[in-house]
Amino acid sequence: MLRRSVFAGIAILSVASAVLIAQKKDEGRNAPNTGYSDTPVIPKQTWKVHDIARPAPPMVTPGAKPGDPPSDAIVLFDGKDLSKWQGSSKGKLGDPKWTVKDGYMYAEKGSGDLVSKESFGDAQYHVEWASPVVIDGASQWRGNSGFIIQKRYEIQVLDSWNNPTYADGQAASIYGQWPPMVNVSRKPGEWQYYDIAWEAPRFEGGKMVKPPFVTVFHNGVLVHHHQELIGQMAHRAVRPFEEHPYEQPLALQDHDTRTRFRNIWVRKLKGYDTK
Ligand code: MG
């Protein structure tokens with residue numbers, strides 16, 4: 001009898017301790033824990049592993065559909081007007097002369113380039129473009145335009161669907177420097193897009209201390225992977241870097257073709273651990 005009650009007691013105690021352990025486990029799962037302060041410092045950083053003091057990244061709401069601007073983007077063209085742009089003709093800034101129609105824009109002959117009113121340093125860009133439906137001209141005359149970062153560094157816009165030309169001047173090339181790793185061009189008239197990550201050059205005391213680097217996706221495919229530039233954009237020449245402020249405007253090239261543009265946005269990149 002005594003033995004039976006001892007067994008019953010042990011059984012009750014075991015159930016009770018199992019419940020306690022389960023409760024503790026549950027408390028652990030739900031207990032707030034935003035990091036540690038007794039962990040080693042991460043090499044090449046000032047933060048510790050899981051650092052309790054490390055700031056949380058700022059919240060950004062993504063676009064509803066792929067390609068839509070996220071909440072921290074500066075929209076440069078939403079298909080409605082040229083309010084974010086100036087015109088540039090023979091080096092002079094003035095009113096933008098491009099035509100806005102049906103949610104896109106294009107240059108008429110002699111319109112001049114477009115230059116954004118705002119300037120950018122390190123940045124993420126998105127741009128959509130379409131070459132003219134009717135093929136007019138060959139090689140560099142087929143739908144030529146340009147996405148000219150910081151007014152100096154051109155990611156080529158060209159109809160490169162069955163259009164032989166020099167490799168470092170085809171669509172998505174870093175003009176005059178690097179061809180894209182692959183040709184991801186769509187047919188004339190079809191909408192295409194670039195997603196670009198730009199690391200701006202840094203100058204100190206008249207000297208460049210860090211060259212620019214670019215990463216480019218053409219229609220979602222990686223065509224430049226953190227590629228270093230060798231100088232400024234030039235035709236039939238190697239043009240060295242020239243000192244310029246960290247932030248510079250974006251330009252769209254008028255090259256006497258009716259290449260259309262839409263949905264252009266940019267995000268200023270501030271780096272890690274910034275508010
Ligand atoms: Mg061009």
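Reader: Is Ile-230 buried, partly exposed or exposed?
Author: In this predicted model, Ile-230 is partly exposed, because its relative accessible area is 46% and the partly exposed class lies between 20% and 50%.

Reader: Where along the chain is Ile-230 found?
Author: Ile-230 belongs to the loop between strand 14 (221-228) and strand 15 (248-252).

Reader: Which residues form a nonpolar patch on the surface with Ile-230?
Author: Trp-178 and Val-238 join Ile-230 in that patch. Together the three have about 320 Å² of accessible area.

Reader: Turning to strand 15, in which sense do strand 6 and strand 15 pair?
Author: They pair in the antiparallel sense, over four bridges. Within this pairing, Leu-114 has Leu-252 of strand 15 as its bridge partner.

Reader: And how many bridges join strand 2 and strand 6?
Author: Strand 2 (residues 85-89) and strand 6 (residues 113-120) are paired over four bridges, in the antiparallel sense. Here Ser-88 has Asp-113 in strand 6 as its bridge partner.

Reader: A new topic: what are the protein donors of the magnesium ion?
Author: The donors are Asn-144 (OD1), Ser-145 (O), Glu-154 (OE), Gln-156 (OE1) and Gln-253 (OE1), at 2.2 to 2.3 Å from the ion. Along the chain, their spacing reads N-S-x8-E-x1-Q-x96-Q.

Reader: Where do Asn-144 and Glu-154 lie?
Author: Asn-144 is in the loop between strand 7 (123-130) and strand 8 (145-149), while Glu-154 is in strand 9 (residues 153-157), and the two are ten residues apart.

Reader: Are those two, Asn-144 and Glu-154, buried or exposed?
Author: Both Asn-144 and Glu-154 are buried.

Note on methods:
Residues numbered from 1 in each chain as written. Predicted model: local features only at pLDDT ≥ 70, side-chain atom pairs only at ≥ 80, totals over all residues. Heavy atoms only, no water. Patch = residues over 30% accessible without salt bridge, like charges linked within 9 Å, V, L, I, M, F, W, Y side chains within 5 Å. Areas by Shrake-Rupley, 256 points an atom, 1.4 Å probe, with all protein chains shown as cover. Salt bridge = Lys/Arg side-chain N within 4 Å of Asp/Glu carboxyl O. Buried < 20%, exposed > 50% of the residue type's maximum accessible area, 1.4 Å probe, protein only. Pairing = 2+ DSSP bridges. Donors = N, O, S within 2.8 Å, 3.2 Å for Na, K, Ca; no water.
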